[in-house]
Each structure stands twice: as C-alpha cells, then as structure tokens.
Amino acid sequence: MNLDTKMLTLGDVEFKSRLILGTGKFSDTETMIRAIEASGTELVTVALRRFNREKPDDDLCAPLARLKQIKLMPNTSGAMNAKEAVRAAQLGRELSGSPFVKVEIHPNPHHLMPDAIETYAAAKELAADGFIVLPYIPADPVLAKKLEDAGCAAVMPLGAAIGSGGGLSTAEMIKLIIRDSNIPVIVDAGLRAPSEAARAMEMGCDAVLVNSAVAAAADPAGMANAFALGVQTGRAARQAGLMPKSDVAVASSPLTSFLGK
Amino acid sequence: MSCSHPTSHIPHSTIASLPDWLDPEPWLNRTFSSADIERALSAESPDEKTLAALLSPAAEEFLEPMAARAQALTRRHFGRTIQLYTPLYLSSYCLGGCAYCGFASDRDTERHKLSFEQVEIELAALKKMGLEEVLLLTGERTPQADFDYVLKCVELAANHFHKVTIEVFPMSEHEYGRLAEAGCTGVTLYQETYHPDVYPEMHRWGPKSDLLDRLAAPGRALAGGLRFAGLGTLLGLSDPLFDLLALYRHVRHLQKTQWQAGLSVSFPRIQNETGGFLAPHPVSEKQLAQIIFAVRICLPDVPLVLSTRESAAFRDGMAGLGINKMSVASKTTVGGYGNDGSDEGQFDVNDRRDVETFCTLLRQKKLDPVFKNWDAAYR
C-alpha cells in the first residue's frame with residue numbers, strides 16, 4: 001500500500017515518481033530503456049554531448065523522447081564554466097524542447113567534482129531565462145540556499161563522487177540542506193545500493209538521481225526496480241515518522257525526583 | 001615480462017638529468033612478493049610503488065585478478081561504453097629522425113600532403129562513416145605542413161566534427177591557443193621514451209631530439225587552452241618499467257599543475273616486423289595486457305586508449321578491460337579514406353575492420369560504441 005499522495009513538484013511540473021535516472025554508461029539503448037521502464041521514473045537526464053541527430057544509432061535523445069511517460073532533462077556535462085553551460089543548456093532546450101536543465105559543471109574531468117562558483121552563475125542566468133533549473137552541487141548548505149534564492153527548482157547535492165559508489169558520504173551536510181530548504185532536495189551521484197536511496201529518503205530528501213549504480217549493475221533493469229522500491233520504502237518511512245533515536249536510557253530512579261511533583 | 005631485468009643497462013648518472021617530478025629511479029630495481037601484488041591489487045590510493053608491483057614479474061601470476069579489477073574500475077568510471085575516434089593523416093613530410101618511424105626523413109617513402117580540397121574529401125568520407133572525433137596528424141614542422149597549414153585543417157575539420165584533436169609537431173603556447181580558438185579540443189603527444197639514454201638514440205636529429213622540450217609540450221598545449229592531452233610511451237623502445245613509471249609520473253604531474261586538464265594514456269607498441277625496425281625491448285601481447293591492467297588500476301579515472309596497431313583479437317579482448325577508447329577503421333596513409341592513398345603508412349594497421357564490423361563486435365560484448373561524446377558547444 002502506498003500512502004504517498006504528495007507529488008514531487010519541480011517548477012510547475014508534478015511527478016509521482018521520486019526516482020530520476022541518468023542515461024549514460026549503459027551497454028545499449030534497449031538496456032537503458034528497459035531500466036527506465038523498470039524504474040517507473042518520469043524524469044531522465046541526458047547529456048547534450050550524447051545528442052547526435054546525424055547518427056540515430058549513436059543518439060540518446062531521440063529514443064528517450066519517444067517514451068511518452070517520461071520527461072527529458074538535458075544536462076551540461078562537459079561544460080567547464082558557466083558560459084559553456086549556458087550555451088549547452090540553450091542548445092539542449094532547442095533540440096529537446098524541454099524546459100528542464102541539470103546544470104552540471106565539473107572542470108576537472110577526472111574526479112568530476114562540481115564547480116560551485118560557475119554552477120551558481122549558470123543556474124542564476126538560466127533560471128532568469130525561464131528554465132526549470134536543477135543544479136548538481138557539492139553538499140554545501142550555504143550554496144544550496146543561494147541557489148534557491150537564485151530561482152532554482154531544486155538542488156541536487158552529491159552523496160559521493162560520480163560513479164564512485166561511495167554512498168551518502170555527505171549525509172550530515174545533506175541533512176542541513178534539507179532542514180532549511182524551501183525547494184526539493186535531490187541526492188545526485190555516489191549512490192550504490194537501493195538501501196542508500198532509502199536512507200536518503202528517510203533523511204527527508206525529496207527524490208534521488210542515480211545512473212552508474214543502475215548502468216553498472218549485472219542486471220540494470222532489476223537494479224532500477226530495486227532503486228524504485230528503495231525510494232518508495234524510504235519515503236514511506238519518512239512519512240510514517242521514524243522513532244526518535246536516543247542513546248540516553250530512561251533511569252529507573254529518576255534523576256529529577258528531588259524536584260517533587 | 002621484460003621488466004624483469006629492468007635497469008641493468010642504465011647508468012644512474014643519466015637518470016639524474018630527468019626532472020625530479022618525473023624520475024622513476026626510486027621505484028626501479030625492487031623485488032615484489034605475491035603478498036605485495038595482493039596489496040597492490042586492493043590499494044586504496046595507488047602510487048608509483050603500486051604500479052611497479054603490478055608491472056613486476058611477480059604480478060604475471062595475477063593476470064586474471066588484475067583483469068577483473070581493471071574491468072570493474074573501467075565499468076565504474078566509463079560505464080559499458082567504448083569511445084571511438086579515427087586518425088586522419090594530413091602529411092607525411094617530416095624533418096625528424098625517429099629511428100622507428102616510416103615517415104622519418106631518411107626513409108625513402110614517397111611524401112604526400114593533402115590539399116585543402118583533399119582534406120575536405122577525407123573529412124566527408126570520415127563523416128559518412130559516422131565518426132564524430134577526428135585526430136589530425138602530421139610529422140615534424142616542415143615548410144609543406146607548417147602551423148598555418150595545421151590551423152586551416154583544424155578549421156575545416158571543426159566545421160564538420162564536434163571533437164577535433166591533433167597529433168602534430170610540438171608548438172608554442174600561443175600557437176596552441178590559436179588552434180583552440182579554431183576549434184581544436186585536444187592534443188596527442190607521446191614522449192615515445194622517457195629514458196634519457198635511449199631517447200637520443202631513437203630521435204637522432206630534428207626538433208624532436210630535444211627530450212625536455214617535448215616533455216614540456218603537453219603542458220604548453222593545456223596552458224594554451226586545449227582541454228585534453230593524450231600521453232604515451234612507444235612500447236618496445238626502452239625498458240617498459242622505466243617508461244611506464246615515468247609516464248605515470250608525467251600524468252600525475254599534469255594533474256597537479258593543470259588541474260582542469262583531461263588526460264588520457266595510449267599504448268602504442270612497436271612490433272619487430274614494423275618497417276624493418278627491430279624493437280630493442282619487444283613487448284608481447286601478454287605483457288601489454290599486464291601493462292594496461294596495471295595502468296588502469298593506478299589511474300582509475302583516466303581514459304585508456306588502444307589503436308588499430310593491435311590485432312582484432314587483442315583489441316576485442318581488451319575492450320572494456322581497462323581500455324575505454326579505441327580508434328577504428330584507421331588508415332595511416334595520407335589520403336587513405338576518400339582519396340587514392342596507396343603509399344606506405346606510418347605504421348602497419350593490424351585491425352583493418354570497418355566501423356560497422358567493429359561496432360557489431362562491441363555490441364556482442366555488451367559494450368556501447370560511442371561516436372559522439374563531446375559537443376561543439378564546449379569550444
């Protein structure tokens with residue numbers, strides 16, 4: 001039984017699924033599509049650099065655009081600075097017709113850590129230009145609030161490095177982001193296991209974005225389904241209200257008995 | 001592997017002439033046990049010692065676990081994909097004296113250079129093959145193929161291809177900057193060998209005989225505005241352990257000094273029969289596989305490249321096993337794609353399969369051939 005009736009709202013668009021999928025790293029398009037279908041996702045991100053209108057069998061955009069149940073979110077992976085990201089976002093919107101953009105700026109192509117300064121500049125400009133902006137960011141609570149003020153539709157702090165499977169290594173920072181955010185918080189990158197997605201949702205994240213964990217699994221569609229269940233479980237647990245955690249036992253002889261009744 | 005007698009012939013006085021950040025000397029002449037190899041295989045922070053261990057004779061018994069680790073790391077960082085590119089030879093004129101090269105100035109090979117019209121024909125032929133990344137090649141700087149010629153060819157290629165890279169003569173930072181503005185994204189520049197004794201024997205005259213100038217060139221290219229630099233050592237010229245340790249240190253140095261650089265490593269291998277040149281330190285396929293696994297384990301997030309110099313069977317086996325980027329349908333002659341390129345190439349192509357045949361094989365191996373992985377928007 002799914003008690004979750006509240007939709008995930010990004011900009012003016014509502015989503016029933018709280019799992020977003022990345023589309024890179026799959027062995028072939030059919031495997032990717034089967035994973036998307038098994039995940040029940042309604043929003044997928046695709047890199048502009050993998051759009052190839054001139055060679056259909058190399059193009060990731062067209063087969064995704066044919067899936068009626070999902071919306072496309074082009075991403076700017078490959079951009080080294082705000083200027084390139086803005087250009088890529090505009091091209092992505094033109095080619096896909098989607099108002100969504102995942103701003104992804106990682107100037108070091110080896111560790112792929114997001115550039116907070118350039119991401120902020122690009123996100124602000126794109127939000128002002130009418131995009132529904134979801135920036136991929138370091139798990140920085142101050143940056144997250146500044147991006148909210150700049151008009152972003154959500155913030156997407158990393159759990160660990162892209163593709164690392166490092167899990168929720170930034171959990172404490174993500175909790176601070178969630179505590180003060182008025183926009184959805186979506187953990188993006190680093191998750192390896194559905195239990196980590198469940199934990200992110202239990203913590204209060206609004207959604208989870210995964211790619212490598214699914215694409216690199218032995219059975220991508222099976223793992224996509226497992227992540228969907230993990231997200232649902234975590235969300236349901238959050239809504240049901242977790243029992244408070246305490247390491248202080250209640251003393252059988254109360255410490256405050258001397259205060260009387 | 002031939003690393004088993006790594007340094008017996010190397011006088012230490014010459015090793016000292018390499019800069020400290022490159023010198024592999026502290027990691028040579030070590031012996032490793034099976035326990036050392038097991039530790040290296042699971043190293044959390046791989047370093048020079050890890051690489052030396054995995055290249056050592058003791059690691060030969062660990063090829064299978066090394067392959068498994070290499071595959072897992074490749075899959076994690078690059079997914080189940082293989083990026084494809086193709087070289088385009090613009091000119092075979094050369095002033096260089098590379099002892100091993102079919103285009104060296106003392107070889108009596110007939111010389112050719114593509115006119116700009118012929119370049120367009122070649123580019124159109126490559127485009128028709130579906131390629132989106134093209135590597136433009138020349139020899140050393142000559143009056144026939146000078147900077148302005150390369151610049152114009154980059155401009156022509158950038159009109160058609162999202163990713164244009166060069167493997168030409170080293171140039172100044174300013175010249176690299178002008179190429180970047182014209183749409184060039186990266187440079188491939190192999191040191192060939194880092195060994196200070198062997199280097200002058202192999203590069204007998206011409207600008208390339210200056211080891212340190214060549215060593216500095218990838219840094220100049222990146223400082224000039226190119227995004228990617230491909231490094232490599234021509235396996236077979238010198239002791240592979242020396243060269244691979246130096247290559248590893250070169251990559252790490254550039255990662256620290258050019259932090260935005262995208263670096264990749266290639267594994268060109270001279271085989272004995274190529275052009276009559278006898279490789280003084282021949283590397284077998286098995287040794288090459290060990291080398292690629294070792295480098296993947298020590299540089300988990302660096303693209304590793306394998307060309308059509310290698311056989312179809314070896315390439316098929318290595319795809320995804322450390323290697324995540326491969327050339328395809330290469331012609332090493334000037335004018336080999338659209339023009340009548342019937343002269344001798346720079347080196348022998350072993351894997352002559354066309355794009356479709358190779359991609360079919362990759363797909364059978366559950367690897368996605370990726371033609372476009374860059375966008376002209378990022379110029």
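# Close-up views of chains A and B

**Figure 1. A:Val103 and A:Pro135 form a bridge pair, with A:Pro135 lying in strand S7 of chain A.** The model shown here is predicted. Strand S6 of chain A covers residues 100–103, and S7(A) covers residues 132–137. The two strands run in the parallel sense and are joined over four bridges. S6(A) is covered on both faces. On one side sit A:Phe100 and A:Lys102, which are buried. On the other side are A:Val101 and A:Val103, also buried. A:Val103 thus takes part in this view twice: as a buried residue of S6(A), and as the bridge partner of A:Pro135 in S7(A).

**Figure 2. Strand S4 of chain A, residues 43–47, is mostly covered.** Five of its five residues are buried. A:Leu43, A:Thr45 and A:Ala47 point one way from the strand. A:Val44 and A:Val46 point the other way. S4(A) pairs with S3(A) in the parallel sense, over three bridges. A:Thr45 in S4(A) stands opposite A:Gly22. A:Thr45 is among the buried residues of S4(A).

**Figure 3. A:Phe26 sits in a loop of chain A, between strand S3 and helix H1.** S3 spans 19–22 and H1 spans 29–39. Is A:Phe26 buried or exposed? It counts as buried, because 25 C-beta neighbours lie inside 10 Å, and 20 or more are enough for that label. Its contacts reach into both chains. In chain A, A:Phe26 touches A:Thr31, A:Met32, A:Ala215 and A:Pro220. In chain B, it touches B:Gly79, B:Arg80 and B:Asp368. Residues up to four places away in sequence are not counted here. A:Asn211 is 185 residues from A:Phe26 in sequence. In space, their C-alpha atoms are 9.0 Å apart.

**Figure 4. Chain B meets chain A through 26 residues of its own and 28 of chain A.** Helix H4 (63–78) and strand S9 (368–370) of chain B each supply at least two residues of the side that touches chain A. Which element gives the most to this side of chain B? H4(B) does, with three residues. By class, the side of chain B that touches chain A has eight nonpolar, eight polar and ten charged residues.

**Figure 5. Helices H5 and H6 of chain B pack at an angle of about 35°.** H5(B) covers residues 116–128, and H6(B) covers residues 147–158. Their axes are 10 Å apart. The crossing of H5(B) past H6(B) is right-handed. From H5(B) come B:Phe116, B:Val119, B:Glu120 and B:Leu123. From H6(B) come B:Lys152, B:Cys153, B:Leu156 and B:Ala157. The residues of this contact divide into six nonpolar, no polar and two charged.

**Figure 6. B:Glu192 has a positive phi, near 70°, and is not a glycine.** This residue is found in the loop between strand S4 (184–188) and helix H8 (198–202) of chain B. B:Glu192 counts as buried, because it has 25 C-beta neighbours inside 10 Å.

**Figure 7. B:Lys366 is not a glycine either, and its phi is positive, about 60°.** Where does B:Lys366 lie? It lies in the loop between helix H13 (355–364) and S9 of chain B. B:Lys366 is exposed, because its count is 12 other C-beta atoms within 10 Å, and the label applies at 12 or fewer.

**Figure 8. Chain A is drawn whole, with nine helices and ten strands.** The radius of gyration of chain A is 20 Å, close to the 18 Å that the globule rule gives for 261 residues, so chain A is as compact as a globular protein of that length. Its C-alpha atoms fill a box of roughly 80 × 40 × 35 Å along the principal axes. Of its 261 residues, 52% count as buried. Among contacts with a separation of 6 or more, 62% are between residues 24 or more positions apart.

**Figure 9. Chain B is drawn whole, with 13 helices and nine strands.** For chain B the radius of gyration is 20 Å, close to the 21 Å that the globule rule gives for 379 residues, so this chain is as compact as a globular protein of that length. The C-alpha atoms of chain B fill a box of roughly 60 × 50 × 40 Å, again along the principal axes. Buried residues make up 56% of its 379. Of the contacts in chain B between residues at least 6 apart in sequence, 76% join residues at least 24 apart.

Definitions and conventions. Residues are numbered from 1 along each chain as its sequence is written. Chains are lettered from A and ligands numbered from 1 in the order in which they are written. This is a predicted model: local features need pLDDT of at least 70, side-chain atom pairs count only at pLDDT 80 or more; totals for chains, interfaces and linings use all residues. The radius of gyration is taken over C-alpha atoms; the globule rule is 2.2 Å times the number of residues to the power 0.38. Two residues are in contact if their C-beta atoms, placed from the backbone, lie within 7 Å. Axes are lines fitted to C-alpha atoms, for helices over the stretch in contact, and angles run from 0 to 180 degrees between N-to-C directions. A crossing is left-handed if the near helix is turned anticlockwise from the far one by less than a right angle, and right-handed if clockwise. Ala, Val, Leu, Ile, Met, Phe, Trp, Tyr, Cys and Pro count as nonpolar, Asp, Glu, Lys and Arg as charged, and the others, Gly among them, as polar. Two strands pair if DSSP finds at least two bridges between them.
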